[in-house]
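Visitor: Please choose one part of this model and take me through it closely, giving the cut-off behind each term as you use it. I would also like to know how that part sits within the whole.

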Amino acid sequence: MASALDDEEIDNDDYYSLLNVRREATQDELKAAYRRLCMLYHPDKHRDPELKRQAEQLFNLVHQAYEVLSDPQARAIYDIYGKRGLDVEGWEVVERRRTPAEIREEYERLHKEREERRLQQRTNPKGLISVGIDATDLFDRYEEDYEEVASGVVPQAPLTTTDTAILSGSLSTQNGTGGGNINLALRRITSAKGWGELEFGAGDTNGPLFGMKIFRNLTPRCFATGQCALQFSSRGVRPGVTTVLARHLDKNTMGYLQWRWGTQSSMNTSVVRDTKTSHFTFALQLGIPHCFVMTSYQYKFQDEDQTKIKGSIKAGFFGTMVEYGAERKISRHSVLGATVSVGVPHGVSLKIKLNRASQTYFFPIHLTDQLLPSAVFYATVGPLVFYLAIQRLVIKPYLHSQKEQDLEKHRETSATDIARKKQEAEASVLLMQESVRRIIEAEESRMGLIILNAWYGKFVTDNSKKHERAKVIDVTVPLQCLVKDSKLILTEATKSGLPGFYDACVGEDKCLKVLYQFRGVMHQVLSGDTEPLRIPKQSHRIDNDT
């Protein structure tokens with residue numbers, strides 16, 4: 001959502017939380033919640049001028065929320081893009097009879113037009129830097145020194161919304177002898193179903209290159225690509241043709257058929273299955289000079305660091321290769337991975353890859369040409385020990401420091417908004433006093449639900465974080481005001497948007513702690529900020545021993 005709205009500030013108002021309704025709420029549920037808040041905030045119910053003014057502000061806010069959510073078109077826009085999505089230039093020309101799907105398409109069109117106006121001042125380059133290192137001298141003792149270093153950069157820049165230029169180049173050096181090449185590719189999107197690309201290249205090793213590539217969606221479940229190239233060298237012209245046919249076999253599985261003709265002709269078939277928790281590939285190739293069969297599996301952990309472990313085996317006329325490795329997110333924009341390759345006759349290699357935003361840094365390190373247990377051990381354990389040390393001594397302290405700085409900056413920029421929200425919450429609590437008094441009297445008469453104490457904000461429950469200070473606000477009155485027929489129901493929306501609530505600790509994890517009495521028995525519950533809550537419940541009951 002934030003990316004769609006580009007650089008605009010994200011608005012904190014949650015209309016669903018304000019009305020305390022589900023995101024799937026019906027018109028009747030919206031109307032009931034609206035009427036209840038109108039009775040609470042209606043300006044005519046208050047004689048004091050200051051209370052009347054505050055009630056009018058809150059009444060208008062509730063009315064605005066109801067107007068948006070009760071209108072199917074406006075609600076569709078709000079659900080997809082938030083409050084600021086309603087203010088995008090051009091919505092006034094949208095027909096009100098359109099469905100939510102059509103509204104989303106129209107928004108994308110308006111957003112695309114805005115991007116076209118900015119396109120001349122913006123580019124989106126991407127880069128790849130690869131450094132290959134031969135470290136065989138650590139394990140294989142040769143008298144002759146051997147060193148190879150290669151690097152490449154691939155910046156991509158959009159020229160228009162349909163045209164993209166890709167400029168790639170590489171430099172390499174081996175034992176003091178260097179070389180390089182440069183390639184330029186121009187890609188144009190011809191329609192919603194396909195695109196075409198022209199490639200030009202030159203270098204001191206391969207000579208001039210001319211190529212063309214075409215992509216086309218044949219059906220919603222099938223696409224094809226075709227590529228031809230002419231490589232000019234001192235030996236003459238070497239043509240090459242490659243075609244790929246791909247089809248969705250099911251929601252998560254793709255099947256590929258590839259035919260290649262040229263200096264290395266082959267036929268290849270592969271099946272790729274990608275799910276939320278795993279990635280599986282099986283490939284079979286028949287060709288000149290290599291025939292092989294390959295299978296690989298990757299498991300994706302469902303943690304915040306997006307950890308993945310992978311393994312593969314590849315066997316053919318060239319020999320056998322086994323690879324295993326892992327990758328993990330080390331910061332918001334960086335992913336670090338390491339792979340160990342063990343094979344015959346290739347020996348042992350370690351490949352380290354770092355993705356930083358749109359840049360990729362690749363370091364293949366060739367350790368030995370032989371299968372030495374020591375090389376396998378150091379290639380496996382070395383990177384792991386190094387990562388754990390760096391993670392503990394550098395990355396975690398740095399990320400913690402950055403998080404604190406970001407939070408402090410967020411608090412400073414949000415100080416005015418927080419002060420306004422606090423003032424609205426305090427005004428709301430004042431306006432609730434009379435209604436809460438009547439609700440408590442009614443609940444006491446039937447031995448119903450009485451909110452004794454309620455706090456909302458950051459609680460310090462971890463012993464390792466005792467040095468941190470809790471930041472909570474008293475929300476006893478607002479919660480009691482939401483009690484109806486001895487029940488309190490809160491939806492999954494953030495609780496900071498509820499009447500009488502506000503966010504006192506922006507950017508930090510928050511909870512709601514409630515101590516209440518029902519049928520004369522004490523109950524207590526701790527609920528996450530976006531967790532739905534329904535009380536009373538037997539599981540909340542406090543035992544006599546406690």
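Guide: What follows goes from the whole chain to one helix and the loop before it, and then to a group of aromatic rings elsewhere.

This is a predicted model, in which local features need pLDDT of at least 70 and side-chain atom pairs count only at pLDDT 80 or more, while totals for chains, interfaces and linings use all residues. Residues are numbered from 1 along each chain as its sequence is written, and side-chain values use heavy atoms, with hydrogens and water left out.

The protein chain comes to seven helices and 25 strands, where helices (H or I, at least four residues) and strands (E, at least two) are DSSP runs numbered from the N terminus. Of its 546 residues, 34% are buried; buried means under 20% relative accessible area, exposed over 50%, and partly exposed in between, with a 1.4 Å probe and protein chains only. Among contacts (heavy atoms within 4.5 Å) between residues at least 6 apart in sequence, 44% join residues at least 24 apart.

The part to look at closely is helix 2, residues 27-41. At 1.5 Å a residue, its 15 residues should span 21 Å, and the end C-alpha atoms are indeed 21 Å apart, so the two values agree; the expected span is 1.5 Å times one less than the number of residues. Leu30, Ala33, Tyr34, Leu37, Cys38, Leu40 and Tyr41 are buried in this helix. These residues cover an arc of only 160 degrees around the axis, which puts them on the same side of helix 2, the arc being that of the directions from the helix axis to the C-beta atoms. An α-helix has 3.6 residues a turn, so residues three or four places apart point the same way. Asp28, Arg35 and Met39, on the other side of helix 2, are exposed. The cover over the buried residues includes helix 1 (15-19), helix 3 (49-70), helix 4 (72-81), helix 6 (373-445) and helix 7 (476-481).

The loop between helix 1 and helix 2 holds Asn20, which has a positive phi of about 55 degrees although it is not a glycine. Asn20 is also buried, with a relative accessible area of 17%.

Turning to the rings, a search of the whole structure finds eight aromatic pairs, a pair being rings of Phe, Tyr and Trp (its six-membered ring) with centres within 6.5 Å, called stacked when the planes are under 30 degrees apart, edge-to-face over 60 and tilted for the rest. The rings of Trp195 and Phe215 have centres 5.6 Å apart and planes at 10 degrees, so this pair is stacked. Trp195 lies in strand 7 (residues 194-203) and Phe215 in strand 8 (residues 209-219), so the pair ties together parts that are 20 residues apart in sequence. Both rings belong to buried residues, with relative accessible areas of 18% for Trp195 and 17% for Phe215. Together with Phe223, Trp195 and Phe215 form one aromatic cluster. The charged end of Arg187 sits over the ring of Trp195, 4.2 Å from its centre, the criterion being NZ of Lys or CZ of Arg within 6 Å of the ring centre and within 35 degrees of the ring normal.
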